[in-house]
Amino acid sequence: MLNMITRRTFAESAVCGLAGSVLGLAGTGCLSLQEAKLSLSAFKYAQSTISEDRVYRGGSKSRRLPISFLFYMIEMDGRRILVDTGCDSIQGFKLEHFISPVALLKRHGVIPESVSDVIVTHAHQDHIGCVTSFKNSVIHIQKSEAVAGAKY
């Protein structure tokens with residue numbers, strides 16, 4: 001399937017990391033997979049290309065490299081946690097095989113109201129652009145990134 005590229009059980013290290021901190025588990029040690037059912041879904045909502053010189057120092061301006069636009073969802077203990085939200089458009093990129101991140105989630109049975117938390121990794125449009133679609137969610141973002149992302 002083009003838009004949802006993987007779904008698998010998380011390793012214990014992930015439980016202790018990102019999801020653990022959002023769920024208030026920091027400092028409590030690791031949960032074992034027997035204690036918590038945890039899954040990760042990666043959603044690919046578009047693809048494009050970027051010039052090699054934007055990726056590698058000394059890269060060619062004329063050579064194009066493929067890139068994918070993704071966001072992730074962690075499900076644990078009845079909570080749905082998005083890691084980034086994707087965006088509906090991004091200046092400077094021709095998005096191919098595009099589907100709105102919200103429509104992609106709905107295609108997989110996830111409505112915005114069912115998302116409990118959103119973790120914004122950083123304030124680039126493709127990571128924060130759809131954050132306003134998740135009005136019932138607790139948004140987790142660093143203060144400096146919140147300032148930078150206010151324009152979205």
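## Core and salt bridges in a predicted model

Visitor: Which residues touch the most other members of the largest nonpolar core?
Guide: Tyr45, Phe71, Leu82, Leu105, Val118 and Phe134, out of 23 residues in that core. Keep in mind that this is a predicted model.

Visitor: Which elements each supply at least two residues of this core?
Guide: β2, β3 and α3 do. Helix α3 covers 101-107.

Visitor: Take Leu82. What is it in contact with, leaving aside neighbours within four places in sequence?
Guide: Phe71, Tyr72 and Met73 are among its contacts. Leu105, Val115 and Phe134 are on the list too. So are Asp117, Val118 and Ile119.

Visitor: What lies apart from the largest core?
Guide: Another core, of seven residues. Leu38, Leu40, Val83 and Ile119 are among them.

Visitor: Switching to charges. How many salt bridges turn up in the whole structure?
Guide: The search finds three.

Visitor: Asp117 was on the Leu82 list. Which residue does Asp117 form a salt bridge with?
Guide: Arg79. Their closest N and O atoms are 2.5 Å apart. The pair links distant parts of the chain, 38 residues apart. Asp117 sits in strand β5, residues 117-119. Arg79 sits in strand β4, residues 79-83.

Visitor: Is Asp117 buried or exposed?
Guide: Buried, with a relative accessible area of 2%. Arg79 counts as partly exposed, at 27%.

Visitor: What about Arg80, which residue is its partner in a salt bridge?
Guide: Glu75. The closest N and O atoms are 3.2 Å apart.

Visitor: Why does Glu75 count as buried?
Guide: Its relative accessible area is 18%, and buried means under 20%. Arg80 comes out at 21%, so Arg80 counts as partly exposed.

Visitor: And Glu52, what does it form a salt bridge with?
Guide: Arg63, with the closest N and O atoms 2.8 Å apart.

Visitor: Where do those two sit?
Guide: Both Glu52 and Arg63 are in the loop between β2 and β3. Strand β2 runs 38-51 and β3 runs 64-76. The two residues are 11 residues apart.

Visitor: Glu52, buried or exposed?
Guide: Glu52 counts as buried, at 14% relative accessibility. Arg63 counts as partly exposed, at 47%.

Visitor: Give me the acid side of the bridges in one go.
Guide: Glu52 is buried at 14%. Glu75 is buried at 18%. Asp117 is buried at 2%.

Visitor: And the arginines?
Guide: Arg63 is partly exposed at 47%. Arg80 is partly exposed at 21%. Arg79 is partly exposed at 27%.

Notes: Residues are numbered from 1 along each chain as its sequence is written. This is a predicted model: local features need pLDDT of at least 70, side-chain atom pairs count only at pLDDT 80 or more; totals for chains, interfaces and linings use all residues. Side-chain values use heavy atoms; hydrogens and water are left out. A salt bridge is a side-chain nitrogen of Lys or Arg within 4 Å of a carboxyl oxygen of Asp or Glu. Helices (H or I, at least four residues) and strands (E, at least two) are DSSP runs, numbered from the N terminus. Buried means under 20% relative accessible area, exposed over 50%, partly exposed in between (1.4 Å probe, protein chains only). A nonpolar core is a set of buried Ala, Val, Leu, Ile, Met, Phe, Trp, Tyr and Cys residues joined through side-chain atoms within 4.5 Å. Contact means heavy atoms within 4.5 Å.
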